[in-house]
Amino acid sequence: MWLVGEQNIWIFIILTLIGGGGAAFLAGRGLASKWRPVWMPILAMVPLTMGLRFLHFALFGEELASLQYFLVDFVILLAFCMLGYRMTIASKMVRQYPWLYETAGPLGWKTKG
């Protein structure tokens, strides 16, 4: 439990994975839908992680300014965000350029040929 820091694993699952992960996934999809560069989702996860750490602090009395827990939450949120970002970019590439690309799984595309 040293990695997530909660007394109860359900707090971590519900707040970080479901709530924060869902928000991060939707943020990644939103950024990709506007063709934003890949560094923007990374930057966007910093305030989302800060807000999530505040919720852990305010609702459950956890440590607010812990670098360890901030980095754990940041990596998890970034993974969800990049998943949403990549899925949306792959979908848009195939949908908007059907003469050039075809799907290569849910996260990629390849040149037709």
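**Exercise 1. Leu64 and its surroundings**

Leu64 belongs to the loop that runs between α2 (39–60) and α3 (67–96). Keep in mind that this is a predicted model. Your task: find out whether Leu64 is buried, partly exposed or exposed, which residues beyond its sequence neighbours it is in contact with, and which nonpolar surface patch it helps to make.

*Solution.*

Step 1. Start with accessibility. Leu64 has a relative accessible area of 39%. Buried means under 20% and exposed means over 50%, so Leu64 falls in between and counts as partly exposed.

Step 2. Now look for contacts, leaving aside neighbours within four places in sequence. Leu64 is then in contact with Arg53, Phe54 and Phe57.

Step 3. Take one of these partners, Arg53, and compare sequence with space. Leu64 and Arg53 are eleven residues apart in sequence, while their C-alpha atoms are 6.0 Å apart.

Step 4. Finally, turn to the surface. Leu64 joins Phe54, Leu55, Phe57, Leu59 and Phe60 in a nonpolar patch of about 550 Å². Two of the contact partners from Step 2, Phe54 and Phe57, are included in this patch.

**Exercise 2. The salt bridges**

Work out how many salt bridges the model has, which residues form a network of them, and whether Arg53 is buried or exposed.

*Solution.*

Step 1. The criterion is a side-chain nitrogen of Lys or Arg within 4 Å of a carboxyl oxygen of Asp or Glu. Applying it gives three salt bridges.

Step 2. Begin with Arg53. Its salt bridge with Asp73 has closest N and O atoms 2.9 Å apart. Asp73 sits in helix α3 and Arg53 in helix α2, so this pair ties together parts that are 20 residues apart in sequence.

Step 3. Arg53 also forms a salt bridge with Glu62, where the closest N and O atoms are 3.5 Å apart. Put the two pairs together, and Arg53, Glu62 and Asp73 are linked in a network of salt bridges.

Step 4. Check the burial of the network. Arg53 counts as buried because its relative accessibility is 1%, and Asp73 counts as buried because its value is 2%. Glu62 is buried as well.

Step 5. The remaining pair is Glu102 with Lys110, with closest N and O atoms 3.8 Å apart. Glu102 is partly exposed at 30% relative accessibility, and Lys110 is partly exposed at 42%.

**Exercise 3. The nonpolar cores**

Identify the residues of the largest nonpolar core, and decide which helix gives the largest share of this core.

*Solution.*

Step 1. List the members. The largest nonpolar core has eight residues: Leu15, Ala24, Met45, Leu52, Phe74, Leu77, Leu78 and Cys81.

Step 2. Assign them to elements. α1 (9–33), α2 and α3 each give two or more residues to this core. The largest share, four residues, comes from α3.

Step 3. Follow one member outward. Apart from neighbours within four places in sequence, Leu52 is in contact with Leu15, Thr16, Asp73 and Leu77. Among these partners, Leu15 and Leu77 are core members too, while Asp73 is the residue that forms a salt bridge with Arg53.

Step 4. Look for another core. A second, separate core has five residues, including Leu31, Tyr85, Ile89 and Met93.

**Exercise 4. Details in loops and along a helix**

Find where Ser66 and Trp35 lie, which backbone nitrogen lies 3.5 Å from a polar side-chain atom of Ser66, and what separation the C-alpha atoms of Phe12 and Met93 have.

*Solution.*

Step 1. Ser66 is found in the loop between α2 and α3. Its relative accessible area is 10%, so Ser66 is buried.

Step 2. Inspect the side chain of Ser66. One of its polar atoms lies 3.5 Å from the backbone nitrogen of Tyr69.

Step 3. Move to the loop between α1 and α2, where Trp35 lies. Although Trp35 is not a glycine, it has a positive phi of about 60°. With a relative accessible area of 37%, Trp35 is partly exposed.

Step 4. End with Phe12, which lies in helix α1 and is buried, with a relative accessible area of 8%. Phe12 and Met93 are 81 residues apart along the chain, and their C-alpha atoms are separated by 35 Å. Met93 has already appeared, as a member of the second core.

Notes
Residues are numbered from 1 along each chain as its sequence is written. This is a predicted model: local features need pLDDT of at least 70, side-chain atom pairs count only at pLDDT 80 or more; totals for chains, interfaces and linings use all residues. Side-chain values use heavy atoms; hydrogens and water are left out. Patches are made of residues with over 30% relative accessible area and no salt bridge: like charges are joined within 9 Å, nonpolar side chains (Val, Leu, Ile, Met, Phe, Trp, Tyr) within 5 Å. Accessible areas come from the Shrake-Rupley method with a 1.4 Å probe; for residues, only the protein chains shown count as cover. Buried means under 20% relative accessible area, exposed over 50%, partly exposed in between (1.4 Å probe, protein chains only). A nonpolar core is a set of buried Ala, Val, Leu, Ile, Met, Phe, Trp, Tyr and Cys residues joined through side-chain atoms within 4.5 Å. Contact means heavy atoms within 4.5 Å. A polar contact is a pair of N or O atoms within 3.5 Å; within protein, one must be able to donate a hydrogen and the other to accept it, and residues adjacent in sequence count only if both atoms are side-chain atoms.
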